[in-house]
Amino acid sequence: MKEHSLWHPVMAANGLTDAPLAITLLEQELVLWRDATGLAHAWGDQCPHRGAKLSLGRVCAGRLECPYHGWQFEAGGQCVHVPAVPAFVPPASHAVRTHAVVEAYGLLWVQLQPEAGVPLPAFVAEADTQLRKVLCGPYDVATSAPRIVENFLDMAHFGFVHEGWLGMREATSIDDYRVEPTPTGLVATQCRAWQPQSNVHSTAPAQVEYTYEVVAPYTAVLTKVPDAASVALKGFRESIALFICPVTPETSRVWFRLAMADFDSPDSKLQDFQHTIFMQDKPVLESQRPRRLPLDVRAEVHTTADKASSAYRRFLKQETITFGVC
């Protein structure tokens with residue numbers, strides 16, 4: 001499966017309002033805008049007339065207007081008005097390149113190349129009404145999407161990158177855990193870590209059990225079950241999704257979708273904890289070379305603690321996912 005047929009997150013859904021916005025996905029420049037009904041559209045950011053950026057234009061009466069000559073395009077991408085020649089009826093060739101777009105998990109997702117049967121990445125916790133949903137990000141990171149997924153799956157860095165939070169140097173040994181391939185990637189279970197502060201409501205260090213799942217090449221989900229005695233909020237549980245937009249082979253935009261049994265804390269409190277953790281990861285991620293994840297097993301060395309990341313690399317290689325890897 002090629003990257004252009006996958007669904008990729010490109011921006012927070014509530015960030016797209018009255019004005020068109022420019023984004024980049026898989027090195028392609030796109031314009032996002034909403035029509036009069038509020039429906040989002042994703043087009044190539046280029047007017048077919050003289051190549052001006054449509055993202056510099058405006059939305060008029062539910063149509064996207066080019067900033068150069070005022071050509072107007074209806075929701076399907078067809079030009080319907082040329083101000084310089086008011087009586088002219090534009091033919092079918094006078095149209096913009098369009099792409100599929102859907103709204104899910106608080107984000108807008110774009111599929112550059114149509115392919116039947118390609119689903120959105122699954123985030124089961126989204127449908128759980130007992131969990132409150134909060135979006136964190138975006139974070140722009142100077143590395144490839146697979147490097148970020150692999151870091152998300154990795155527990156051996158907790159005691160060093162997240163010392164005093166998700167880990168401690170005195171307890172860095174990784175117990176054996178189980179990894180199984182799935183049609184969408186992998187699932188890793190029985191993952192355990194001793195953590196000083198595993199979540200925003202932690203009151204004491206605790207042994208925490210993780211389950212990781214790769215649900216698409218650039219999407220992963222973790223669930224955490226801390227010792228109940230170490231959490232101030234009764235019945236607390238959480239599931240966190242990592243959503244990545246592959247901007248270029250070596251740059252990415254990242255969001256986290258939190259699903260937590262906490263309906264009282266302000267969004268900012270939950271977002272601040274996630275922000276602290278990821279800002280510890282970010283400089284290390286950007287320091288890694290090569291930025292594109294190597295799939296050749298000989299390119300980097302491995303240990304048994306790396307079972308999840310090794311399985312992820314095998315999945316990418318088997319699926320012939322090549323963008324952002326080498």
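This is a short talk on the empty spaces, two helices and three single residues of one structure.

Keep in mind that the model is predicted. I'll start with the space inside.

Rolling a probe the size of a water molecule over the atoms shows where empty space is left. What does that give here? The count comes to one cavity of 30 Å³ or more. The largest cavity has a volume of about 300 Å³. Its lining is made of 26 residues. Nearest the centre of that cavity are Phe152, Leu166, Leu222, Gln274 and Ile277.

Which elements supply the lining of the largest cavity? At least two residues each come from H1, E14, strand E15 (219-225), E16, E17 and H3. H3 gives the most, with six residues. By class, the cavity lining divides into 17 nonpolar, six polar and three charged residues.

Now the pockets. The largest pocket holds about 330 Å³ of space. It is lined by 16 residues, and Arg147, Glu150, Asp154, Gln288 and Arg313 are the closest to its centre. Three helices give two or more residues to this lining: H1 (145-153), H3 (267-287) and H4 (307-318). H1 gives the most, with three residues. The lining has four nonpolar, six polar and six charged residues.

On to the second largest pocket. Its volume is about 280 Å³. Here 21 residues form the lining, and the closest to the centre are Leu6, Thr184, Val215, Ala216 and Pro217. Strand E1 (8-12) and strand E14 (206-216) each give two or more residues to it. What classes of residue does the lining of the second largest pocket have? It has 17 nonpolar, three polar and one charged.

Thr184 deserves a stop. You will find Thr184 in the loop between E12 and E13. Is Thr184 buried or exposed? It is partly exposed, because its relative accessible area is 32%, and partly exposed runs from 20% to 50%. A polar atom of the Thr184 side chain lies 3.0 Å from the backbone oxygen of Val214. Beyond its neighbours within four places in sequence, Thr184 is in contact with Val214, Val215, Ala216 and Phe315. Look also at Glu319. Thr184 and Glu319 are 135 residues apart in sequence, yet their C-alpha atoms are 9.6 Å apart in space.

Phe315 takes us to H4. This helix has 12 residues, so at 1.5 Å a residue it should span 16 Å. Its end C-alpha atoms are 16 Å apart, which agrees. The buried residues of H4 are Ala308, Ser309, Ser310, Ala311, Tyr312, Arg313, Phe315 and Leu316. They pack against H1, strand E12 (178-182), strand E13 (185-195) and E14. Arg313 therefore appears twice: it is buried in H4 by the rule of under 20% relative accessible area, and it is among the residues closest to the centre of the largest pocket. Just after H4, Thr320 takes a positive phi of about 55 degrees.

Next, H3. It has 21 residues, so the same sum gives an expected 30 Å. The end C-alpha atoms of H3 are 30 Å apart, which agrees. Which residues of H3 are buried? They are Leu270, Phe273, Gln274, Ile277, Phe278, Gln280, Asp281, Lys282 and Leu285. These pack against strand E11 (132-141), H1, helix H2 (158-161), E16 and strand E17 (251-260). Gln274 and Ile277 are also among the residues nearest the centre of the largest cavity.

E16 brings up Ser239. This serine sits in strand E16 (residues 238-248). Why is Ser239 called buried? Its relative accessible area is 6%, and buried means under 20%. Its side chain reaches the backbone oxygen of Leu222 at 3.5 Å. Outside its neighbours within four places in sequence, Ser239 is in contact with residues including Phe123, Ala125, Arg257 and Ala259.

Last, His99, in strand E9 (residues 98-104). His99 is buried too, with a relative accessible area of 12%. Which partners does the His99 side chain have? It makes a polar contact with the side chain of Arg97 at 3.0 Å. It also reaches the backbone oxygen of Leu112 at 3.0 Å. Leaving out residues up to four places away in sequence, His99 touches Gln28, Leu30, Ala42, Trp43, Gly44, Val110, Gln111 and Leu112.

Notes: Residues numbered from 1 in each chain as written. Predicted model: local features only at pLDDT ≥ 70, side-chain atom pairs only at ≥ 80, totals over all residues. Heavy atoms only, no water. Helix = DSSP H or I, 4+ residues; strand = E, 2+ residues; numbered from the N terminus. Buried < 20%, exposed > 50% of the residue type's maximum accessible area, 1.4 Å probe, protein only. Polar contact = N/O pair within 3.5 Å; in protein donor to acceptor, adjacent residues only side chain to side chain. Contact = heavy atoms within 4.5 Å. 1 Å grid on protein atoms, 1.4 Å probe; cavity = no way out; pocket = protein on both sides within 12 Å on 5 of 7 lines; lining within 4 Å. Points joined across faces, edges and corners; volume = space filled by probe spheres on them. Nonpolar A, V, L, I, M, F, W, Y, C, P; charged D, E, K, R; others polar. Expected span 1.5 Å × (residues − 1).
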